[in-house]
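I sat down with this one to look up two things. I wanted the nonpolar cores and the salt bridges. My notes follow the structure.

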Amino acid sequence: MIRRYTLPEMGALWTDQARFEQMLRVELAVARAQSARGQVPPEALAALEAKATVDPERIAEIEKSTDHDVIAFVSQVAESVGPEGRYLHLGLTSSDVVDTGLALQLRAAGELLLRDCDRLLAALIARARAEAETLMMGRTHSVHAEPITLGLKLAGWAFELDRGRRRLALAVEEIGTGKISGPVGTYSHLGPDIEAEVLGELGLHVDPASTQIVQRDRHAALLTAIAIVGGSLERFATEIRNLQHTEIGELQEPFKVGQKGSSAMPHKRNPILSERIAGLARLLRGYAHTALEDQPLWHERDISHSSAERVILPDATILLDYMLVRMTGLIEGLVVRSERMRENIERGLGLHASSRVLVALVERAGLSREEAYAVVQRAALRAADERRPLRELLAVDPTVAKKLRLADLDACFDDSAFLRHVPTVIARLDTLEAEIHAAR
């Protein structure tokens with residue numbers, strides 16, 4: 001991934017140095033298990049543990065001749081040890097080391113993503129509570145529907161992100177799976193007892209029936225979970241973008257001192273971060289598709305997945321890390337224009353109360369639903385066309401005037417009636433927050 005979207009902690013997990021160091025962890029764990037069984041002399045193990053180092057530049061140099069990066073890795077590490085280096089990689093096949101080392105990298109990357117999710121969840125919960133009573137118009141089909149509060153909207157985002165986090169946590173748990181089962185998974189050189197000991201030391205699960213590789217359904221599940229979280233972030237970002245429209249103007253991204261929106265138009269204050277998040281989410285869906293394509297490998301393995309994974313696994317985790325961190329800052333600094341929210345509600349001419357008038361005419365006035373709907377729709381369409389308040393037209397409508405008292409009509413336009421159960425939803429955040437703390 002390009003530096004622009006790579007944050008230091010996640011980026012450090014995917015360097016060549018980090019990759020080879022994880023592979024070396026696997027090699028040394030195997031050597032220790034072999035030494036305990038008399039297969040590697042104690043002095044050789046001591047030399048391996050004391051001297052073995054990785055040098056990515058030297059590995060790259062050797063690979064020019066071998067055209068095989070794992071052989072180049074083994075050769076370079078053996079060089080760093082000396083004569084005892086011949087005991088490195090005894091009985092192992094490349095994928096024993098590569099897939100198990102990759103599991104260590106993916107588990108570390110996944111744990112960082114889960115911490116990112118926790119921080120964004122905390123930010124969403126805090127803002128949802130702070131804006132629990134901030135009245136705004138709810139929209140369906142981009143058209144005014146009924147009033148909600150910003151806190152209610154943000155609470156929905158929090159619960160969606162929590163669902164995504166749960167899916168991601170399951171995938172991260174499952175991706176922590178390795179194998180030391182040899183060329184086709186039959187333990188032809190090293191026994192299952194060594195595999196169990198090595199993976200236990202590394203904190204990884206044992207693939208119960210591997211081939212030469214750890215099967216790629218786990219990797220597909222991880223990238224699918226990542227893409228779904230990215231899709232949620234895109235939904236949040238798209239809503240912020242929409243509400244920052246000049247004609248709506250209810251939310252704005254934070255805009256720091258010295259920031260500029262356009263090289264030509266000094267007035268511009270654009271939702272660039274939300275747009276960036278939306279764009280990057282498209283990449284995540286593409287990576288998930290590629291991971292799904294990596295599942296049907298031939299026979300006990302081929303390497304058609306390998307080239308793709310060198311791109312999609314680092315890039316997907318790096319991008320989601322970036323998106324989660326940036327979205328957290330966006331939510332924390334989100335500018336809320338409550339006065340504009342009220343203006344937009346008033347600009348709607350009270351049309352949002354049509355549903356309550358409909359119910360009142362049915363329940364209190366005894367009209368059929370079809371009759372009531374026709375009365376209210378006729379007045380609503382006229383109000384929109386003539387730019388007149390709906391209540392004003394309904395008050396002089398013969399049917400409404402005959403069937404409803406003015407006090408009953410006025411009650412239909414009381415926005416608090418729409419919001420009486422919002423506190424119940426906001427209170428559900430308590431349970432969500434408690435679950436997050438318990439998971440930690």
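**Core packing**

I started with the largest nonpolar core, which holds 76 residues; Leu124, Leu168, Leu222, Leu233, Leu284, Leu324 and Met327 touch the most other members. I keep in mind that this is a predicted model.

Next I looked up which elements supply this core with two or more residues each. They are helix H6 (94–130), strand S1 (135–140), helix H7 (150–175), helix H9 (217–243), helix H10 (272–293), helix H11 (304–333), helix H12 (338–347) and helix H18 (422–439). Which element gives the most? It is H6, with 13 residues.

I then picked leucine 284 and skipped its neighbours within four places in sequence. Its remaining contacts are Ile226, Ala227, Gly230, Ala316, Leu319, Leu320 and Met323.

I also noted another core, apart from the one above. This other core has 37 residues, including Ala31, Val54, Val198 and Leu199.

**Salt bridges**

I turned to charged pairs. Side chains of opposite charge can pair when their charged atoms come close. My count came to 34 salt bridges. I went through three pairs and a network.

Entry one is arginine 165 with aspartate 118. Their closest N and O atoms are 2.6 Å apart. This salt bridge links distant parts of the chain: arginine 165 sits in helix H7, aspartate 118 in helix H6, and 47 residues separate them. Buried or exposed, I asked of arginine 165 and aspartate 118? Both arginine 165 and aspartate 118 are buried.

Entry two is arginine 342 with aspartate 415. The closest N and O atoms of this salt bridge lie 3.7 Å apart. Again the pair joins distant parts of the chain, 73 residues apart. Arginine 342 belongs to helix H12, while aspartate 415 is in the loop between helix H17 (406–412) and H18. I checked accessibility here too. Arginine 342 has a relative accessible area of 34%, so it counts as partly exposed. Aspartate 415 counts as buried because its relative accessibility is 13%, below the 20% cut-off.

Entry three is aspartate 408 with arginine 405. I read 3.0 Å between the closest N and O atoms of this salt bridge. Why does aspartate 408 count as buried? Its relative accessible area is 12%, and buried means under 20%. Arginine 405 has 57%, so it is exposed, the limit for that being over 50%.

Last, I noted the network. Arg382, Glu386, Arg388 and Glu392 are joined into one network by salt bridges that share partners.

Notes:
Residues numbered from 1 in each chain as written. Predicted model: local features only at pLDDT ≥ 70, side-chain atom pairs only at ≥ 80, totals over all residues. Heavy atoms only, no water. Core = buried A, V, L, I, M, F, W, Y, C linked by side-chain atoms within 4.5 Å. Buried < 20%, exposed > 50% of the residue type's maximum accessible area, 1.4 Å probe, protein only. Helix = DSSP H or I, 4+ residues; strand = E, 2+ residues; numbered from the N terminus. Contact = heavy atoms within 4.5 Å. Salt bridge = Lys/Arg side-chain N within 4 Å of Asp/Glu carboxyl O.
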